[in-house]
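Biologist: Hello! I am new to reading protein models, and I would love a guided walk through one. Could you show it to me?

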Amino acid sequence: MMSEEGDYGELDENESKILIALVKLGNQYNQRELWRMAGINSKTGIPALSKLERRGFIERDKVGGDKRSQYVIRLTEAGIKKAKTLMEGMKSGMGTDIELLMGIPCFFCPYIKECGRGGHTSPETCELLGRWIYNISTTFNN
Ligand code: SF4
């Protein structure tokens with residue numbers, strides 16, 4: 001029997017949503033906010049993250065010290081590859097445009113109301129939006 005670490009077989013829906021959300025978000029994101037971005041809840045998301053970690057698709061980095069620590073979830077090379085494979089599969093299916101639209105970080109951004117040209121936050125200078133555009137373009141041009 002293949003070990004869990006070496007098993008790169010099919011993922012369930014929640015695991016797939018997490019990988020796709022992460023690649024759209026620039027390959028890493030705060031765990032606390034990830035559920036909303038992936039469209040799942042933490043109850044199902046936490047076990048899915050553990051499975052993805054055991055299979056080598058993600059890694060977790062603890063940030064912020066002992067009292068206010070949080071985890072940043074980061075895709076590994078294998079995770080990026082798997083996410084892109086999943087997105088390729090989506091490309092040929094229904095709902096691709098909706099999936100793409102739902103991945104735009106502005107939909108979930110706390111600065112959406114104040115973001116605008118010449119402002120403190122702006123689409124022209126936003127790193128998160130820039131990373132999302134870069135990842136989408138590399139995903140669909142490779
Ligand atoms: S451009 Fe950046 S800062 Fe502005 S709403 Fe989008 S994600 Fe938020």
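Modeller: What follows is a set of questions and answers about this predicted model.

Biologist: Let us start with the overall plan. What pattern of helices and strands does the chain follow?

Modeller: Happy to help! The chain's secondary structure comes to six helices and three strands. Read along the sequence, these elements give the pattern α-β-α-α-β-β-α-α-α.

Biologist: Now the strands. In which order do they sit in the sheet?

Modeller: Look for the edges of the sheet. Strand E1 (28-30) and strand E2 (58-63) each pair on one side only, and they are the edge strands. The sheet is open and its pairing is antiparallel, with the strands in the order E1-E3-E2.

Biologist: How many bridges hold E2 and E3 as a pair?

Modeller: Two of the bridges can be named: Arg-60 is partnered in E3 by Ile-73, and Asp-61 is partnered in E3 by Val-72. E2 and strand E3 (residues 70-75) pair in the antiparallel sense, and the number of bridges is six.

Biologist: Which residue in the turn between E2 and E3 has a positive phi?

Modeller: E2 and E3 form a hairpin with six residues between them. In that turn, a positive phi of about 95° belongs to Gly-64.

Biologist: I also see a tyrosine in the sheet. Is Tyr-71 buried or partly exposed?

Modeller: Tyr-71 lies in strand E3, where it touches Gln-31, Arg-60, Asp-61 and Lys-62, leaving aside residues up to four places away in sequence. Counting neighbours settles the matter: a buried residue needs 20 or more other C-beta atoms within 10 Å. Because Tyr-71 has 17 C-beta neighbours inside 10 Å, it counts as partly exposed.

Biologist: How far is the C-alpha atom of Tyr-71 from that of Tyr-29?

Modeller: Along the chain, Tyr-71 and Tyr-29 are 42 residues apart. In space, the separation of their C-alpha atoms is 8.5 Å.

Biologist: Let us turn to H2. Which elements do its buried residues pack against?

Modeller: Helix H2 (residues 31-38) lies across E1 and E3, and it runs at about 110° to E1. Its buried residues are Leu-34, Trp-35, Met-37 and Ala-38. They pack against H1, E1, H3 and E3.

Biologist: Which helix supplies the largest share of the largest nonpolar core?

Modeller: In soluble globular proteins, nonpolar side chains tend to be buried together. Here the largest nonpolar core has 21 residues, and Ile-18, Leu-19, Ala-21, Leu-22, Leu-34, Leu-52 and Ala-83 touch the most other members. Helix H1 (13-24), H2, helix H3 (42-54), E3 and helix H4 (77-91) each supply at least two residues. The largest share, six residues, comes from H1.

Biologist: Which residues does Ile-18 touch?

Modeller: Ile-18 is among the core residues that touch the most other members. Leaving out residues up to four places away in sequence, its contacts are Leu-34, Ala-38, Gly-45, Ala-48, Leu-49 and Leu-52.

Biologist: One last stop, the ligand. How many nonpolar residues are in the shell around it?

Modeller: The residues around the ligand include Cys-106, Cys-109, Cys-115 and Cys-126. Others among them are Tyr-111, Ile-112 and Thr-121. By class, the shell has no charged residues and one polar residue, and its nonpolar residues number 10.

How values were computed:
Residues are numbered from 1 along each chain as its sequence is written. This is a predicted model: local features need pLDDT of at least 70, side-chain atom pairs count only at pLDDT 80 or more; totals for chains, interfaces and linings use all residues. Two strands pair if DSSP finds at least two bridges between them. Helices (H or I, at least four residues) and strands (E, at least two) are DSSP runs, numbered from the N terminus. Two residues are in contact if their C-beta atoms, placed from the backbone, lie within 7 Å. Axes are lines fitted to C-alpha atoms, for helices over the stretch in contact, and angles run from 0 to 180 degrees between N-to-C directions. A nonpolar core is a set of buried Ala, Val, Leu, Ile, Met, Phe, Trp, Tyr and Cys residues joined through C-beta atoms within 7 Å. A residue is buried if 20 or more other C-beta atoms lie within 10 Å of its own, exposed if 12 or fewer, and partly exposed in between; C-beta atoms are placed from the backbone. A residue is near a molecule or strand if its C-beta atom, placed from the backbone, lies within 6 Å of it. Ala, Val, Leu, Ile, Met, Phe, Trp, Tyr, Cys and Pro count as nonpolar, Asp, Glu, Lys and Arg as charged, and the others, Gly among them, as polar.
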